[in-house]
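I have a fresh page open and a model to browse. Here is what I looked up, entry by entry.

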Amino acid sequence: MSEETKKTSEEQEAENEIPVTDGDQAEENLTPEGEDLPEEENKTPGEEAAPEDKKEEKSKTSFFGKKKKDKSEQKVEELTDRLKRTMAEFDNFRKRTEKEKSSMYIIGAKEIVEKILPVVDNFERGLAQAQEGDAFADGMKMIYKQLTTTLDELGVKPIEAVGKEFNPDFHNAVMHVEDEEVGENIVVEEFQKGYTYKDFVVRHSMVKVAN
């Protein structure tokens, strides 16, 4: 082979050689096929986690922009509401019980007063027949006064009847009489005295009413 032919072949081999570059720098940005890496793969781990945190934060937000309540907060609200309801029910029960106790006391006292009233009636009948100046009658008057005073202190009051307008809530009309001087529907006579106990009628007055 001639020298010119050798020289030409060496020049062709030199042109076909791949130029040498800084290998570390080239391999960082090339894929195995020699393509550039996508931008997502070049992101740091902190940059990838940020959008996920935003999504979680957004999921905790309701349609109107308010944060949804945690299960623990919902449980606390349910227990608080249940406690308020229980306290209200207990307060109603306490008031109802006190009212029932009060009414039971009044009912029991009314029964006792009803049994004492006939004794008061007999005192009044006996004293009405007693003679003036009788020492025994005077003693009975003192006992009668003590009895009526005690009943008055307990809340037992006599019902006013004679000269008052007839009231079916307090009076029991057992007789009617025509009397133009008195007026219509006026009580003219009382046969049996009526009594009230703490604004409750224990016994109605038995009266005669003018028409």
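**Entry 1: a valine to start from**

Leaving aside its neighbours within four places in sequence, which residues is Val 156 in contact with? I am working from a predicted model, and there I found Val 113, Leu 151, Tyr 195, Thr 196 and Tyr 197 in contact with Val 156. I then looked up the nonpolar cores. The largest one has 13 residues, and Val 156 and Tyr 197 are the members that touch the most others. I noted that α4 (71-129), α5 (135-154) and β4 each supply at least two residues of this core. Helix α4 gives the largest share of the core, with 7 residues.

**Entry 2: stepping back**

I wanted the overall layout next. I counted 5 helices and 6 strands in the protein. Along the sequence the pattern reads α-α-α-α-α-β-β-β-β-β-β, so I keep in mind that elements are numbered from the N terminus. Of the 211 residues, 14% count as buried. I also checked how far contacts reach: among those between residues at least 6 apart in sequence, 56% join residues at least 24 apart.

**Entry 3: the sheet with β4**

In what order do the strands of the antiparallel open sheet come? I read β1-β4-β5, an open sheet of 3 strands. Its edge strands are β1 (156-158) and β5, each pairing on one side only. Neighbouring strands here are turned by 35° against each other on average, direction ignored.

I followed one pairing in detail. Strand β4 (residues 195-197) and strand β5 (residues 200-203) run antiparallel and are joined by 3 bridges. Tyr 197, which I had already met in the core, has Phe 200 in β5 as its bridge partner. The two strands form a hairpin with 2 residues between them. In that turn I noted Lys 198, with a positive phi of about 50°.

Then I asked which strands α4 lies across. Helix α4 crosses β1, β4 and β5, and it runs at about 40° to β5.

**Entry 4: the largest pocket**

How much space lies in the largest pocket? I get about 170 Å³. Some familiar residues turn up in the lining, among them Val 113, Leu 151, Val 156, Tyr 197 and Lys 198. I also listed Tyr 105, Ala 109, Ile 112, Ile 116, Leu 147, Thr 150 and Leu 154 there. The elements giving two or more residues to this lining are α4 and α5. Helix α4 supplies the largest share of the lining, 5 residues.

**Entry 5: an aspartate in α4**

I stopped at Asp 121, which is found in helix α4. Is Asp 121 buried or exposed? Asp 121 has a relative accessible area of 7%, so I put it down as buried, the cut-off being under 20%. Leaving aside neighbours within four places in sequence, Asp 121 is in contact with Gln 192 and Arg 203. I also looked up Lys 193: this residue and Asp 121 are 72 residues apart in sequence, yet 8.2 Å apart in space, C-alpha to C-alpha.

**Entry 6: the other sheet I looked up**

Which order do the strands take in the open sheet with mixed pairing? I found β2-β6-β3, a sheet of 3 strands. The edges are β2 (171-177) and β3 (186-192), and each pairs on one side only. For this sheet too I noted an average turn of 35° between neighbouring strands, direction ignored.

One pairing here was worth a closer look. Strand β3 pairs with strand β6 (residues 205-210) in the antiparallel sense, over 5 bridges. Within that pairing I picked out Glu 190, whose bridge partner in β6 is Val 207.

**Margin note**

For rereading, I would go back to Val 156: it is in contact with Tyr 197, and both residues appear in the lining of the largest pocket.

Conventions
Residues are numbered from 1 along each chain as its sequence is written. This is a predicted model: local features need pLDDT of at least 70, side-chain atom pairs count only at pLDDT 80 or more; totals for chains, interfaces and linings use all residues. Side-chain values use heavy atoms; hydrogens and water are left out. Two strands pair if DSSP finds at least two bridges between them. Helices (H or I, at least four residues) and strands (E, at least two) are DSSP runs, numbered from the N terminus. A nonpolar core is a set of buried Ala, Val, Leu, Ile, Met, Phe, Trp, Tyr and Cys residues joined through side-chain atoms within 4.5 Å. Buried means under 20% relative accessible area, exposed over 50%, partly exposed in between (1.4 Å probe, protein chains only). Contact means heavy atoms within 4.5 Å. Axes are lines fitted to C-alpha atoms, for helices over the stretch in contact, and angles run from 0 to 180 degrees between N-to-C directions. On a 1 Å grid over the protein atoms alone, a cavity is a set of points where a 1.4 Å probe fits but cannot get out, and a pocket is an open set with protein on both sides within 12 Å along at least five of seven lines; lining residues have an atom within 4 Å of a point. Grid points are joined across faces, edges and corners, and a volume is the space filled by probe spheres set on the points.
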